[in-house]
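Open the model in your viewer and keep the selection panel within reach. We will go from stop to stop, picking a few residues each time and looking at what is there.

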Amino acid sequence: MTFAQLGLAAPLLQALDTLGYQEPTPVQAQAIPAVLAGRDLMAAAQTGTGKTAGFALPLLQRLSERDEAVASNSIRALVLVPTRELAEQVMASFRQYGEHLAVSSYAAYGGVSINPQMMRLRRGVDILVATPGRLIDLFTKNAVKLRQVQTLVLDEADRMLDLGFADDLDILFQALPKKRQTLLFSATFSDDIRSMAKARLRDPLSIEVSPRNTAAKTVKQWVVPCDKKRKTDLFLFMRKDRGWGQVLVFVKTKKGCDELIGRLQAKRIAADTIHGDRPQASRLKALEAFKAGEIEILVATDVAARGLDIDGLPQVVNFDLPLVAEDYIHRIGRTGRAGASGEAISLVCADEAPLLGAIETLLKTSLSRDEEPGFEPTHRVPPTGPHAAPPKPKKPKVAAGRSGRGVPGNWEGFDDFPAKPGGRRGPHGSGHSGPGTRSSAGNGRKARGR
Ligand code: AMP
């Protein structure tokens, strides 16, 4: 199967040739003809499967074929993504693939000034890649009109719901033309995603390139039980002992990120972090340095790391387990890409047994445990897995958050959060509210770690 056989036009084939893509990936082979034919799509595909080109290539072609000028402050296609990094990455893909076409693209996301975005949108943009929160702000300010949208792409839809964007998506669905093409991509398919698809998609073609809720088979995964206090020492030991090269390390909180990075830098190990508190520019800089091989260890939280496109990464270390089981699949999707093998190692302490249990239930398998001699835990990690008796869940610690209404103390924050708490956009204000603080639209964003 070639890209030409899928019906792609010469300018796109030329760009693919330059990029060295020789043949379509399975998701591309299925998605491209369907999107070109104007069908709705519901695709279960993780990052690393080539899903971005699966929607970007046919979208570019459809827009270039339709001889229609974009009106000022208007857009012809909207791609919604959960995070800033992914917005940048998806826009970069559109620009690469559309190099020989006159189709414009732009990315708009929170955490940076809205004014340049408003200025750019005045001229109209063919393809807007945006995070939901910032898009609603732009929409409320009349900087973007959605009437001309022909195609809506929901990229990493599961992650958008996890991050509490369900209400924002509902607002946007109301504002979008009913007659449109909708493409939904998600790594996992929870019941919430399925009901959203049922309500918003028209006779979609279902594509599943990896079995539902499973991790890439090329990734070797195991758990190293240990005591919480010894995690850093264990990590440093394993890194040296196993001769790890570049490692992507996931931690639960921003504080955890900073603590680990402090220890690494004290040992003169080239390391950097990406988390929600860091300005966008430093996050991108850290990511670029990691991709360029200038830093050995990148420590990240889930929110910041979503959608990172890093090829050929042999090691992912879960320094802390994620609070949401599905995030485990997203995390380890950073390794073992495009058929390469990889390792995902989770350092798990006794407190994390319920999280481990939830992950194993999702994976429908127990992860093997391999204690590291010299680091055997004094607090045993209780048995877990789909067949173990469910461990008693611990009551979550609740801190008075932004709203004083029970935001978890380790809350990582949305990408589009404002610096200060305050009124919600729309009739009651233009800022963003924290989880559980929604003022005007009722229910509040759904907190992570449901
Ligand atoms: P994605 O799943 O969209 O994040 O893509 C993962 C990586 O695969 C990106 O670096 C793409 O540039 C690359 N890629 C996508 N499609 C192909 C292809 N057909 N051949 C080779 N590389 C590809």
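**Stop 1: a phenylalanine cluster**

Select Phe55, which counts as buried at 0% relative accessibility (buried means under 20% relative accessible area, exposed over 50%, partly exposed in between, with a 1.4 Å probe and protein chains only). Before going further, note that this is a predicted model, in which local features need pLDDT of at least 70, side-chain atom pairs count only at pLDDT 80 or more, and totals for chains, interfaces and linings use all residues. Residues are numbered from 1 along each chain as its sequence is written, and side-chain values use heavy atoms, with hydrogens and water left out.

Now add Phe94, which is buried too, with a relative accessible area of 1%. Add Phe185 as well: ring pairs link Phe55, Phe94 and Phe185 into a cluster. Rings of Phe, Tyr and Trp (its six-membered ring) pair if their centres lie within 6.5 Å; planes under 30 degrees apart count as stacked, over 60 as edge-to-face and the rest as tilted. How many aromatic pairs does this rule give? The count comes to five.

**Stop 2: two tyrosines**

One of the five aromatic pairs is formed by Tyr21 and Tyr97, an edge-to-face pair at 6.0 Å centre to centre with 70° between the planes. Where do the two partners sit? Tyr21 is in the loop between helix H1 (10–19) and helix H2 (26–36), while Tyr97 is in helix H4 (residues 84–97), so this pair links distant parts of the chain, 76 residues apart. Helices (H or I, at least four residues) are DSSP runs, numbered from the N terminus. Switch on a surface: Tyr21 is partly exposed, with a relative accessible area of 31%, whereas Tyr97 is buried at 4%.

Go back to Phe55 and Phe94 to compare their geometry: this pair is tilted, at 6.1 Å centre to centre and 50° between the planes. Phe55 lies in helix H3 (residues 51–65) and Phe94 in helix H4, so the pair ties together parts that are 39 residues apart in sequence.

**Stop 3: the ligand**

Select the ligand and its shell, where a residue is near if one of its heavy atoms lies within 4 Å. Of the 13 residues around the ligand, Tyr21, Gln28, Gly48, Gly50 and Thr52 come nearest. The shell divides into two nonpolar, seven polar and four charged residues.

Next, draw the polar contacts (pairs of N or O atoms within 3.5 Å):

- Gln28: a polar side-chain atom lies 2.7 Å from a nitrogen atom of the ligand.
- Gly50: a backbone N or O atom lies 2.7 Å from an oxygen atom of the ligand.
- Thr52: an N or O atom in the side chain is 2.5 Å from an oxygen atom of the ligand.

Taken alone, the ligand exposes 500 Å², and the protein buries 79% of that (accessible areas come from the Shrake-Rupley method with a 1.4 Å probe).

**Stop 4: charges over rings**

Select Lys220 and Trp222: Lys220 lies over the face of Trp222, at 4.5 Å from the ring centre. A charge sits over a ring if NZ of Lys or CZ of Arg is within 6 Å of the ring centre and within 35 degrees of the ring normal. Then pick Arg120, which lies over the face of Tyr106 at 5.9 Å from the ring centre.

**Stop 5: two more helices**

Select Ala197 in helix H9 (residues 191–200). Ala197 is buried, with a relative accessible area of 4%. Finish at Asp258 in helix H11 (residues 254–266), which counts as partly exposed at 40% relative accessibility.

Key: Polar contact = N/O pair within 3.5 Å; in protein donor to acceptor, adjacent residues only side chain to side chain. Nonpolar A, V, L, I, M, F, W, Y, C, P; charged D, E, K, R; others polar.
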